[in-house]
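Open the model in your viewer and keep the selection panel at hand. The tour goes stop by stop.

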Amino acid sequence: MGIEGVGARVARKEDKRFITGAGRYVDDMVVPGMKHAAFVRSPHAHAEIKKIDIKKAQAMPGVIGVLTGEELKADGIGNLICGWMIHSKDGSPMKMGAWSPLAFDRVRYVGDAVVIVVAETKSQARDAAEAVDITYKELKAVVDAPKALERSAPQIHPEAEGNLIFDWELGDSMATNAAIKAAAHVTRMKIVNNRLVPNAMEPRAALGYYDKAEDHYTCWTTSQNPHLARLVMSAFYNVAPENKLRVIAPDVGGGFGSKIYIYPEEIICLWASKKTGVPVKWVADRTESFLTDAHGRDHVSTVEMAFDKDNRITGLKVDTIANLGAYMSLFSSCVPTYLYATLLSGQYDIPAIHANVRAVYTNTAPVDAYRGAGRPEATYLLERTMETAARELGVSPAELRRKNFITSFPHQTPVIMNYDAGDYAASLDAAMTAADYAGFAQRKAAAKAKGKLRGIGMSCYIEACGLAPSAAVGSLGAGIGLWESAEVRVNAAGTIEVLTGSHSHGQGHETTFAQLVNQRFGVPIDSVSIVHGDTDKVQMGMGTYGSRSGAVGMSAIVKALDKVEAKAKKIAAHLLEADEGDIVIENGALKVTGTDRQVPWFQMALAAYTAHNLPDSMEPGLKETAFYDPSNFTFPAGCYVCEVEIDPETGVTEIVQFVAADDFGNIINPMIVEGQVHGGVAQGIGQALLEGTRYDASGQLLTASYMDYTMPRADDLPSFKVSTSNTPCPGNPLGIKGCGEAGAIGSPPAVINAITDAIGITDIAMPASPSTVWAAIRATKH
Amino acid sequence: MYSVNYHRAASVADAVKLLETGDAKLLSGGMTLIPAMKTRLAAPSDLVDLSHIEELKGIEVAGSAITIRASTTHYDVARDERLKTACPALARMASLIGDPAVRYKGTIGGSIANNDPAADYPAALLALDATIVTNKREIAADAFFTGLFETALEDGEIVTAVTFTAPAKAAYEKFRNPASRYAIVGVFVAKGADGIRVAVTGAGDNGVFRSKEIEAALATNFDAAALNGVKVPANELMTDIHASADYRANLIVVMAKRAVAAANA
Amino acid sequence: MSDISLTVNGKRVSGTAEDRTLLVHFLRENLGLTGTHVGCDTSQCGACVIHVDGKAVKSCTMLAVQASGSNVVTIEGLADGADLHPVQAAFKEHHGLQCGFCTPGMIMTATDMINRHPEGLNEATVRAELEGNICRCTGYHNIVKAILAASETMSKGRARQAA
């Protein structure tokens, strides 16, 4: 590794603009004539729209346009869709209800958009939005997923009888039931995975600009995948054909999944720009974000884990109800199915697994992928159950896990996944050593002496990343392929532009991707520009989510670099009158191996473009494109250990240490990878201790601002001890597994295992807030 | 935010006059009022900014007699060296309000005139048996805080200062709402010339209150151990998604114990 | 509507805005200083922190007209020409930012924090004093590290100046 190459802790190139206030986010964009939008949203969780009176609003100062769903429908704008088909076990397709970008007949959750107001200023738009008079007939609402399946529950969509979207299964039911029947011990639990609000710090925003002369639309939007936004808005929502729609996702202030999806607002801003003749900008306020960003998690499950007399797991049976909210968001259906049940084998050799998943509609915000997406739910279920099993069996949690680890690879699980590489014991050992697990008993005694309850918990997670082999996901119902693209442009003086379909919204691609180029060609990273986030600049790409930018996005770059290298060597060999096979690239030059003959990189590039002296029949120029479709998922894994100290008088849990030992395969920039773990762990601790999304029974969101939704603050968290022990991924050219989601996946069960250990109870609800912990401690005394 | 007209008052008299405009409200640090206006929960027609009135700023410590003028910020209360000597509990309490940016702007006058049921100052002033001085009269803290966001202030009445006698011992302990970081329970204990006063914020259904149970238990023995076994009734305490009345009742005793221990330390 | 004049990043500026205009919006929309961000409605996230008359305040919780006559420094004015401020440099060196959205407010808060603690900072103090700044990306680990490092650098700078 050079100082800027693969494996180096290179400070980020993109930081300069962010630390000087020169970042360019959607709300920073200004185009001539731009006006501002505000949405009128449903105050009811479930109601019929009887009448919409916009006259008063139209007459308000500064108002340019007040537009409704009827007009949107009349203009042929389509309904929002879910792009992943799931079939129920009876073979019927999932029951997707209609989702109009602007509701016109019925509203189904608090925050459902009904009317858009465009005005000279944002304040005027809001003033006028308040003047829109909508008559509703309120209907009974349901927010809780199991209750939505009850006979008495209100019917939310006519398409989905009993609010059931699908009733799906995976695995071998008979074999699993037989294993449970024959078991020496069965651990049974009810597991609730709490609903979360992603809360990227930059609220969602959209700026729609219709150019009448060109009949062309431009959309600046807070997206993790601008090409996908364009594809969906063109192919399904009928906004404009792809060649007439440019989507730009400039600097984006965090996503965590919530900015994958195409929401009503960007569609409506584009349409409204054409209707009103002015560019229309909308920026969510935080409460709008709470109400309308896709939420995450919200599973209620029961689990049975069967063991033989040697404490080996013989079967796992899971029944899950997944709350998908009021509408099916773009990838909502795959989260509680193929991103969840396929991971239920965890790190363990389990011969029989069966999962049944029912997805249901409720009168709440749509639920979709949030950092980890399905995999945190699987890990939480499995690792909480393992902990309980260890306690019931009277064995050490570490040893029960170790005994059941998969140790030879490849390993085919009973739930689709074929694990390619890993060393789970190595991560377990590393975590236990870093945590001084052996010294815990002494620390617990010391804590007890000062009146504190100390507990320790672990979690051994696995996830499937590098989303994903296109044919495989296609066979499972995906409406898209999950390859990635890259174009490498070597300029005439040797500098390089890499156009990538990945999108960076905090991940540092401008640095890591440049490091990869530096490693290959010796070009300084300052001479390498990473271009992304603009459909006019970059060839079709699939964006960033599912920890895929390294394993898939960079693999595409590698393929393009291979092609560039091959041509560059041909040119160099021609210039040096040497054999192509003897050319090596070292220190910024192409050399004839074993000699001092060389041509500098920039000179080779210039030769490619002057084209005065190229090999016969070679095209001038040096620019190559590649599409990379992965052959398998990747399988990051690791072990997390959490140690807590609880103040029994107040119920306050302090995380006294948090250890993460991960296996991410090969690593390009360890500093950035550690940062991803820190952030993921903070979100996982947030889920376990702090973050709970609460609707009241009528469907009002009680946690709709930071006054009531507890965001992790600096003083809620410790510094983290992170390390990696890596087994390279055999499935992609760089051996990368991915690191973006691991922290959020592995940490919640470690925290809850520690808390239940400290208190001496089997389970506690997340978030284990002080009042919840205090009540749990009190219950142990009665 | 709805449309509003801003006025900068040059003196208290000027402010009183400006207050007569429409549905005017006083603006001090703005740390509660501006957020309420942003979310359109408050909609005054006019704002009268007090923060440029020199006569409303400053802290005076004369022996045990302490005066804090209304526009003094939490930051200034927290760092005032004479106050830190005379009544360290109050300086420390001010250092626990909000976050550093809030403490730079928020003022004692604004806090008590707003009387948020989770604000810290009301507990302090009630426990310190303080007097609230206005442009019209002096009001005992016991009579000043009358309910949720309610005070004894009349129209056109402006808090100009707070006075109190430094207690022999005092301390404040706060248990924060994990989300908003306001007090779920804040307990200020003071051992003054006229006995023990214990005031609780964040918990009461009707705002700040004195805890008779805790005061009685401490009356003869100002020691944390005196609170062992003491129960505070939960029936007039708030329940919300963050804390039940029972939990608050428990926290009141726990915070009181810790405050007494801190006061004795 | 009111006339507003301010000194922003060393330059005298003036403009007219509705009285209800928040300082952050005046900076962003009237002056084009978009480095200061808005991340919440409840004055809690701190993405909008700037310095007004030498103190770190939330520009989303102050009317522009309220600030008239004040001296304002925003993230755009923190660096000394081409030289990064030590806090900016430390955030880069220690990877104290990912998406960058909370970063301007974090840096302005951190600068104020370090100035208020010439005696130096420890981890617990830094974490406590970050109560008014929310980051969703970093888990704060590297932000804390960066602030502690910047505090060290700045105290060395002060010592050099004193010598």
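**Stop 1: two domains of chain A**

Select domain 1 of chain A and domain 3 of chain A: their C-alpha centres lie 40 Å apart. The domain bounds come from an automatic or database domain assignment. This is a predicted model, in which local features need pLDDT of at least 70, side-chain atom pairs count only at pLDDT 80 or more, and totals for chains, interfaces and linings use all residues. Residues are numbered from 1 along each chain as its sequence is written, while chains are lettered from A and ligands numbered from 1 in the order in which they are written.

To make the selection, use 29-139 + 204-283 for domain 1 of chain A and 483-628 for domain 3 of chain A. Domain 2 of chain A is 299-468 + 632-781.

Now show where domain 1 touches domain 3 in chain A. Domain 1 of chain A gives 18 residues to the contact and domain 3 of chain A gives 14. (Two residues are in contact if their C-beta atoms, placed from the backbone, lie within 7 Å.) On the domain 1 side, colour helix 7 (226-235) and strand 11 (245-248) of chain A, the elements that give two or more residues. Helix 7 of chain A gives the most, with 4 residues. (Helices are DSSP runs of H or I with at least four residues, strands are runs of E with at least two, and both are numbered from the N terminus.)

**Stop 2: a sheet in chain A**

Select strands 4, 2 and 6 of chain A. These 3 strands form an open antiparallel sheet in the order 4-2-6. (Two strands pair if DSSP finds at least two bridges between them.) Strand 4 (106-107) and strand 6 (133-138) of chain A are at the edges with a single partner strand each, so one side of each has no neighbour in the sheet. Zoom in on strand 2 (residues 47-53) of chain A: 2 bridges join strand 2 to strand 4 of chain A. Here Glu48(A) stands opposite Arg106(A).

**Stop 3: chain B and its partner**

Switch to chain B. Look for 11 helices and 14 strands. The C-alpha trace of chain B spans about 55 × 45 × 30 Å along its principal axes.

Next, add chain C. Here 20 residues of chain B are in contact with 23 residues of chain C. On the chain B side, highlight strand 1 (5-8), helix 2 (33-38) and helix 6 (100-105) of chain B, which give two or more residues. Helix 6 of chain B has the largest share, 5 residues.
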